[in-house]
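Please open the structure in your viewer and keep the selection tool at hand. This tour goes from one stop to the next, saying what to select and what is there.

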Amino acid sequence: MSDRAFIRHVVFFSAADENDVARIVGGLSLLKNIPHASVFEVVQNSRVDELSGEVDVVVYSEFVDDAALQAYKAHPIYQQAIDVVRPLREMRIAADF
């Protein structure tokens with residue numbers, strides 16, 4: 001186990017329709033306006049790994065502690081992003097470590 005003093009929050013998304021990937025990126029990019037993350041990125045998967053093509057978009061963020069992560073998820077912009085992205089996505093997998 002790591003002794004780092006922050007939490008990494010990584011979320012993987014796949015689009016139900018490949019034509020909606022840009023709209024998913026746009027919806028998730030709303031999250032950058034939430035002030036609680038110390039690092040925040042939304043990127044389209046470059047698909048360099050030939051064995052895994054299921055992921056279209058990745059959100060990577062870092063939080064100083066669990067309270068910051070929970071404040072991020074409680075922010076009203078978080079729900080706005082969900083409202084945009086949920087109807088467009090097929091899969092969402094999150095990992096916190």
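**First stop: charged pairs**

Select D20 and R23, which form a salt bridge whose closest N and O atoms are 3.3 Å apart; keep in mind, here and at every later stop, that this is a predicted model. Side chains of opposite charge can pair when their charged atoms come close. Colouring by accessibility shows that D20 counts as buried because its relative accessibility is 15%, whereas R23, at 51%, counts as exposed.

The structure holds two salt bridges, and to see another one you can select D56 together with R47, where the closest N and O atoms are 2.1 Å apart. D56 is buried, with a relative accessible area of 12%, while R47 counts as partly exposed at 38% relative accessibility.

**Second stop: the sheet**

Now switch to a cartoon view and select the four strands of the open sheet, which follow the order β2-β3-β1-β4 with antiparallel pairing. Which strands stand at the edges? They are β2 (39–44) and β4 (89–96), and because each has a single partner strand, one side of each is left without a neighbour in the sheet. If you look along the sheet, neighbouring strands are turned by 10° against each other on average, with direction ignored.

Strands of a sheet pair through backbone hydrogen bonds, either parallel or antiparallel. For a pair to examine, select β1 and β3, which run in the antiparallel sense and are joined over seven bridges; within this pair, V11 stands opposite V59 in β3.

**Third stop: the nonpolar core**

Next, show side chains for the largest nonpolar core, which has 23 residues, and pick out F13, I24, L28, L31, V57 and Y72, the members that touch the most others. At least two residues of this core come from each of β1 (7–15), α1 (21–29), β3 (57–63), α2 (66–74) and α3 (76–85).

Select L31 and display what surrounds it: leaving aside neighbours within four places in sequence, L31 is in contact with F40, Y72, I77, Y78 and A81.

Then move to L69, which is found in helix α2. Is L69 buried or exposed? L69 counts as buried, because its relative accessibility is 3% and buried means under 20%. Not counting residues up to four places away in sequence, L69 touches I7, H9, F63 and D96. If you also measure from L69 to A37, C-alpha to C-alpha, you should find 7.4 Å in space, although the two are 32 residues apart in sequence.

**Last stop: the aromatic rings**

Finally, display the aromatic side chains, among which the count comes to three aromatic pairs. Select F40 and Y72, whose ring centres are 6.5 Å apart and whose planes meet at 50°, so the pair is tilted. This pair links distant parts of the chain, since F40 lies in strand β2 and Y72 in helix α2, 32 residues apart. F40 is partly exposed, with a relative accessible area of 21%, but Y72 counts as buried at 1% relative accessibility.

Keep Y72 selected and add F63: the centres of these two rings are 4.9 Å apart and their planes are at 55°, so this pair is tilted, and both F63 and Y72 are buried. To end the tour, show F40, F63, Y72 and Y78 together, because ring pairs link these residues into a cluster.

Key: Residues are numbered from 1 along each chain as its sequence is written. This is a predicted model: local features need pLDDT of at least 70, side-chain atom pairs count only at pLDDT 80 or more; totals for chains, interfaces and linings use all residues. Side-chain values use heavy atoms; hydrogens and water are left out. A nonpolar core is a set of buried Ala, Val, Leu, Ile, Met, Phe, Trp, Tyr and Cys residues joined through side-chain atoms within 4.5 Å. Buried means under 20% relative accessible area, exposed over 50%, partly exposed in between (1.4 Å probe, protein chains only). Contact means heavy atoms within 4.5 Å. A salt bridge is a side-chain nitrogen of Lys or Arg within 4 Å of a carboxyl oxygen of Asp or Glu. Two strands pair if DSSP finds at least two bridges between them. Axes are lines fitted to C-alpha atoms, for helices over the stretch in contact, and angles run from 0 to 180 degrees between N-to-C directions. Rings of Phe, Tyr and Trp (its six-membered ring) pair if their centres lie within 6.5 Å; planes under 30 degrees apart count as stacked, over 60 as edge-to-face and the rest as tilted.
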